[in-house]
Amino acid sequence: MSGKSPPYSTTDSGVGIAKHPIEKCRRMKGHHMNLWQEYKRPTSVAEAVQALASAPGPALPIAGGTDLILDLRQGNHLPIHTLIDLTFIPEMSALEMRGDSLYIGAAVPVSRVARDPLVGAHAQALTEAANLIAGPQVRNTATLGGNVAHALPAADGTIALTALDAIAEVAGASGTRKMPFTSLFLGPGKSAIDKTKEIIVGFHIPVKTSEVSETSEVLRASSCFKRIMRPQGVALPILNCAVWLERSGEVVNDIHIAIGPGGPVPFRTTDAESALRGQPLTDAALTRALDALLAQAKFRDSARRASADYRRHIVVGLFKDVLETAWKRAEQD
Amino acid sequence: MSKINLTVNDQQYSLEAIPGETLSTLLRERLRLIGTKIGCEEAECGACTVLVDGEPMMSCVYPAERADGKTIVTIEGLAQRVHEEMKLHPLQEAFVEHGAVQCGFCIPGQIMTAYALLKRNPNPNSDDIRFALKDTLCRCAGYPSIENAILAAAQALRTGEPVKKPTHIPNSAHSHKTVGHSHLRPEAVEKVTGEAVYTDDLKFDGMLYAKVKRAMIPHGFLKRLNISKAKALQGVIAVLTAEDIPAEKNHGLVIFDWPVMVGLGERVRYVGDALAIVAAETQEIAETAISLIEAEFDLQPIIANPVQAREAGVPQIHENGNLLKHIKVRKGDMDKGFAEADVVLEHTFHTPTTDHAFMEPECSIGVPLPDGRMEIYVGSQIPYQDRTQVARVMGWPEERVRIVGQLMGGGFGGKEDVMGQIHVAMLANVTQRPVKLLFDRRDSLIVHPKRHATQIRVKVGAKKDGRIVAMETELYGDTGAYASLGEKVMTRATTHSAGPYDIEHVRADCYAMYTNNPPAGAFRGFGVTQSAFAVESMMDMLAEKLGIERVELRRMNALHVGSVTNTGQVLNESVGLTECIDKVDAEMRKHNPRPFDPIADEADLNIVRAWGLAAAYKNTGLGGGAPDISGADVELYADGTFQVRSSAAELGQGLVTVMRLIVAEEMSIPPEQVHVLVMDTDLTPNGGPTTASRQTFVTGNASRYAAKTLRDQISASMAEKFDVRPEQIRFENGTVHVNGHSLSYADVYKEMTALGQQPRVRYEYEAPKTKPLGEGGDMHFAFSFATQAAEVKVNKLTGEVRVLRVIAANDVGMAVNPLGLQGQVEGGVMMGLGNCLTEEFIVENGNVVTDHLARYRVPGIMLTPEITSIIVEHPISAGPYGAKGVGEVSSIPTTPAITNAIYNAVGVRIDKLPVDQEMIARELWEREGK
Ligand SMILES: Cc1cc2nc3c(=O)[nH]c(=O)nc-3n(C[C@H](O)[C@H](O)[C@H](O)COP(=O)(O)OP(=O)(O)OC[C@H]3O[C@@H](n4cnc5c(N)ncnc54)[C@H](O)[C@@H]3O)c2cc1C
Ligand code: FES
Ligand code: FES
């Protein structure tokens, strides 16, 4: 013990906690039974699909791993032999305009989606959703591909993409195909993609640039996403809502409304959309849309999170808020 | 096998890939960069944050193989980063200066996250900081200090000027030369560089890894246990069961009712009961071995709550039944009291089980020594009692065990019970190799004692003018499967259940009941958190009923000097409650002169704001007749430095700093000249348990009296040497003045040792005697008082609640280290806020639902309100310089202040925690007749 150390010396704190030399570089002692046996880093989609098919044991793609590694660790998942890392594939990390669509690779981290100006300009609902998913560290690895493949009916990225009517590009042994967004889901946690064979490569979000309608009004598209949380329990929303619309003066030219959870799969309230499509956005139209929404949605009780009653109650304000915000955005643009 | 080529802190590595390895494991275990901490391994806490190619990532869920080709920066890479020499980064410096470092466990993650933020945004505002730190949890919860530190560091980085020190923390009104002024923690620097060593950071040669087989059923008899497959597994060195327990079978803090392991034919009382323990060459093998152990039970009906536990005819969990203790408080005559009352109100409240969720999960390491002794490395709040408990079970004399306390990543009461200490002692003894038992977050959540869930009925009678004449309470406390400190906790809940008020007729009955839930024990607030919620809600209900302003009602009934408490104690001094109430009231009214009226938001009429207020008090020290003793050594060394030693525990609360300041004060030296050694049963005298906000008082006093005694010895010795009267010797500015001579302490050391005297003193301080409950007189030697006001915003459609501001006044007697106090107050408020809004440890029929951190939400920086701390100082004569405890009282009034504010905003009375936004919304829509 010596008392001469300067206030910021890093050697002697003055606190006597018995210390022991920490020897360097011993063979590692992990804290868990091996979460996986083999780890592959393919650099092309074809290679990745091939790796899935040829793995000697159960194999799955891994993007951010923010769902998958937790599931494996908590024993909620059958043991996995091989993980196929999707983040080294350039095609899956691309984010760019492709023709009339905004293309977002399925392995682009959510934080990049949140910050990207193209997304901000053409898919603001997605920007908003991406900014709300988890915290910055998780966002830096979590991806939209994982968010969608996990197939929860109220995942934030998923709901935004639902309203944006994204098209998924899916690769399998027989090549790639395009799938409408809502066809990706079978039930809560059940993806239509067979993750042991197929990979979501990316999402195409149709982009409508301003054009002039038949009534010579300018058509402007916009979108918005919001959610309601509860402060206890898991960090998933108890209700979220995304709206994409195309506005022509005071008329709703076209609209997509997604609500999570409004059923076992990400939910588009097509009846409410019909009630508004081609209509001026009046109080009466809004009421009709709400009635249609409440009639079509299948809200349910989730233990310790929210009752169906409560969801029916709060969806009213949430939907109005999101719709009105999107509506205003289409005007200002 | 593939290679991982990566750069870590500017150094290149080429490592073999290991299946299943995460980046955190690679960094911690292979590169021994232990500054990266593991708090949850589920991407929830942020303690493991490192930069990967410049972006913050959670290394606990980052596959190591993905790091191939990447550049990693860890906390260890920061200090060198800015300048050539080993110098702290401005962020590190700012965290130290602003008191943002408490237990330190989260700090590497906080700093790395902040570092990434400043690289992207050199001039962040408060919102940017909150957005960036959203998921980087600090359970000590000095979020405001963390935010200030980041702002100060950003400024320093932009301007190149030195880091600005905090300016908003006043000195104590009773400050001396050293105590009463803000001082930095001695261990803060190692905590910001990542060098601080916590138990799991230690490794010993030949060390084995342990895991415990838990019953995972709430109630039943163990019928069969098959360990043969586990034993046969390659790499397993030992598998032990109850049959291998050498001596006493049970442990416990007060009652020895908790089996070290449950044996064949014996009763399992909760899911966390241990059945077998394994030591193996690796953690993976230990875990596999555990999964190979088969157990069969004769299942029994489950006692799920304390009310059920007291019903007739239900199964009895312990030999003496389900009642741990019926606790009674009696004062005056209830019939008379209620007959005198003009108004009588009655209401029942419920509070849930909650978890400490300290960021550092439990870890113990047993190390057998060649001479047959056993060392146990552990972060423990009560090292000497650990020693006793280990020795009892091993059948050894206590001296054969040495507890070597380690830095603790938070405790909050949750590291008082023995967790792995006995298990590692048994395994290390059998294998004669060091054995580490690290809990993962799931073990931690399932096994250790919690805050008691309670049901509290309050009946109050008052005169029209507001004078409370009678208060009757009935409490049920869920103490779970084992006693732990249940009796003490529920006693405190009971004696404080009439609030900090002077009431003539009081009656309280509490039933502390065993159930098949995880045990409940000590947790910051020690039962008073629960009863304060009930009684302070009732105070507002009463104020409304009487039509009396709620602050006035409290003022009118507040305990004051001369009051007699419920338990018959006359308060002779140091009752700062009224000043706390007045100061909070005045501060609140600066924001809004009509604070309790709801104000609708102009932009959105569904959003309503209002203030709420609550008061509280909390004993300092064990009380109730328990001798409250702490020992401290103070020793002078040849180089003129001092060391002060006590086994008292540093859990992040700042005791080490307090001890250091006190000795510096007494010896008239700079604090840097005092070193502190704590928590070692071989090297430090018994400081008793670190609980009940007692350590500043008792170990503070022990340190002070030890220093004083040493000073007297120095005086006597110098008087003899220089032939003067001892009174002529002065201690000033680090020197001893004798008759014109000035001696440094190094000189003094030389002189004294030359005279054959050892400049070393051990002092055993005993706090003023107390009386057991029921005997009247002084049940406690000191009380701290507090008042808090909270401003909330409630959304009437969704029921969502946000806390905007909290004003907290705490009567702490005297603020020994105002900087440390600031952290305690911020953390206390945030823990109170979590207790109110976010936290609920859910057990369904004995099974734990909240078995990982994702399900048990502790408040993050996003929920942090503006916190204004007001220090009130009514010194207590027996305390060191007048100080009394603050660790707990700072957390107690927050919950009722918030729930009262909710009521004031929207008229919904919260009588069950945590606040359920759905319940608020539902009540509002039903009221509107929808
Ligand atoms: C602390 C925390 C907070 C969170 N908060 C939120 C939140 O607020 N909102 C929210 O919506 N989510 C949240 N999540 C969930 C999670 O982060 C997201 O679902 C994330 O987007 C998943 O992406 P990932 O890349 O990490 O998926 P991974 O874990 O890598 O994969 C998930 C699943 O999808 C499969 N998969 C991944 N990519 C593909 C692909 N391209 N093709 C086929 N299959 C694929 C994997 O095999 C796996 O089965 C949170 C998670 C954590 C840990
Ligand atoms: S987030 Fe990695 S340890 Fe908690
Ligand atoms: S200092 Fe942050 S958890 Fe203790």
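Two strands are said to pair if DSSP finds at least two bridges between them. With that in mind, this predicted model can be read in three places, beginning with a sheet in chain B.

**A sheet in chain B**

An open sheet of 3 strands runs in the order β11-β7-β13 in chain B, and its pairing is antiparallel. The edge strands are β11 and β13 of chain B, each of which pairs on one side only. Strand β7 of chain B and β13(B) are joined in the antiparallel sense over 6 bridges, and one residue pair can be named, since the bridge partner of N226(B) in β13(B) is E294(B).

| Strand (chain B) | Residues |
|---|---|
| β11 | 267–268 |
| β7 | 220–226 |
| β13 | 294–299 |

**A helix in chain B**

Helix α23 of chain B covers residues 894–906, and because a helix advances 1.5 Å a residue, its 13 residues should span 18 Å, which agrees with the 19 Å between its end C-alpha atoms. Of these 13 residues, 12 are buried, so α23(B) is largely enclosed by the rest of the structure; the buried residues include T894(B), P896(B), I898(B), N904(B) and V906(B). After α23(B) comes G907(B), whose phi is positive, near 75 degrees.

**A histidine in chain A**

In chain A, H122(A) belongs to helix α4, which covers residues 117–122. H122(A) is partly exposed, because its relative accessible area is 28%, a value between the 20% cut-off for buried and the 50% cut-off for exposed. Leaving aside its neighbours within four places in sequence, H122(A) is in contact with M97(A) and V207(A). The C-alpha atoms of H122(A) and W327(A) are separated by 15 Å, although these residues are 205 residues apart along the chain.

Conventions
Residues are numbered from 1 along each chain as its sequence is written. Chains are lettered from A and ligands numbered from 1 in the order in which they are written. This is a predicted model: local features need pLDDT of at least 70, side-chain atom pairs count only at pLDDT 80 or more; totals for chains, interfaces and linings use all residues. Side-chain values use heavy atoms; hydrogens and water are left out. Helices (H or I, at least four residues) and strands (E, at least two) are DSSP runs, numbered from the N terminus. Buried means under 20% relative accessible area, exposed over 50%, partly exposed in between (1.4 Å probe, protein chains only). Contact means heavy atoms within 4.5 Å. The expected span of a helix is 1.5 Å times one less than its number of residues.
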